[in-house]
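This report considers a strand pairing, a pocket and the charged side-chain contacts of one structure. The sequence and the model are shown first.

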Amino acid sequence: MLFKKAVKVTVAGFLSALGLTAWANAPDGVTEMGRGSASVPITRAIAVAEGYADGKATMVSRRLERGKLAYIVRVQNPYAHIDAVVDAATGTLLDSKIVARELTSEGLSI
């Protein structure tokens, strides 16, 4: 129980540092704006994106994408920065795109 509370505080601090204080202060990770259509907490969207791109989230935003409320999660892995679009209602990955590629010792990553 104490560990779970510490994790919540850490996540809230992380989100607050990103300037997402409304999300950080909401108990379920969802703001009042769009509460009816965003049933997936932001932490779940981050987990989905990090699992897909095999990296760590560096930025999160929320907007309408293809007529649906979605989280845009930028993930950095050793080879690229990837923007993953996660449906805020279902938690499924809608789309992704490579934003920047990293230069490795073998050359530009693919």
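In this predicted model, Leu-64 stands opposite Leu-69 of strand β2. The two strands concerned are β1, residues 56–65, and β2, residues 68–76; they run antiparallel and are joined by 9 bridges. Together β1 and β2 form a hairpin, with 2 residues between the strands. Arg-66, in the turn, has a positive phi of about 60 degrees.

**The second largest pocket**

The second largest pocket holds about 160 Å³ of space. Its lining consists of Met-59, Val-60, Ser-61, Arg-63, Glu-65, Ile-72, Arg-74, Asp-83, Val-85, Asp-95, Ser-96 and Lys-97. Two or more of the lining residues come from each of β1, β2, β3 (80–87) and β4 (93–101). Strand β1 supplies the largest share, with 5 residues. By residue class, the lining of this pocket comprises 6 charged, 4 nonpolar and 2 polar residues.

**Salt bridges**

Side chains of opposite charge can pair when their charged atoms come close. How many salt bridges does a search of the whole structure find? The search finds 3, and they are listed below with the N to O distance of each pair.

| Basic residue | Acidic residue | N to O distance |
|---|---|---|
| Arg-63 | Glu-65 | 3.0 Å |
| Lys-68 | Asp-87 | 3.6 Å |
| Arg-74 | Asp-83 | 2.8 Å |

The side chains of Lys-68 and Asp-87 meet in a salt bridge. This pair links distant parts of the chain, since Lys-68 lies in strand β2 and Asp-87 in strand β3, 19 residues apart. Lys-68 counts as partly exposed because its relative accessibility is 40%, whereas Asp-87, at 4%, counts as buried.

Arg-63 and Glu-65 form another of the salt bridges, and both residues belong to the lining of the second largest pocket. Is each partner buried or partly exposed? Arg-63 has a relative accessibility of 43% and therefore counts as partly exposed. Glu-65 has a relative accessibility of 17%, and because buried means under 20%, Glu-65 falls in that class.

Arg-74 and Asp-83 likewise form a salt bridge, and these two residues also appear in the pocket lining. Arg-74, at 22% relative accessibility, counts as partly exposed. Asp-83 counts as buried because its relative accessibility is 12%.

Note on methods: Residues are numbered from 1 along each chain as its sequence is written. This is a predicted model: local features need pLDDT of at least 70, side-chain atom pairs count only at pLDDT 80 or more; totals for chains, interfaces and linings use all residues. Side-chain values use heavy atoms; hydrogens and water are left out. Two strands pair if DSSP finds at least two bridges between them. Helices (H or I, at least four residues) and strands (E, at least two) are DSSP runs, numbered from the N terminus. On a 1 Å grid over the protein atoms alone, a cavity is a set of points where a 1.4 Å probe fits but cannot get out, and a pocket is an open set with protein on both sides within 12 Å along at least five of seven lines; lining residues have an atom within 4 Å of a point. Grid points are joined across faces, edges and corners, and a volume is the space filled by probe spheres set on the points. Ala, Val, Leu, Ile, Met, Phe, Trp, Tyr, Cys and Pro count as nonpolar, Asp, Glu, Lys and Arg as charged, and the others, Gly among them, as polar. A salt bridge is a side-chain nitrogen of Lys or Arg within 4 Å of a carboxyl oxygen of Asp or Glu. Buried means under 20% relative accessible area, exposed over 50%, partly exposed in between (1.4 Å probe, protein chains only).
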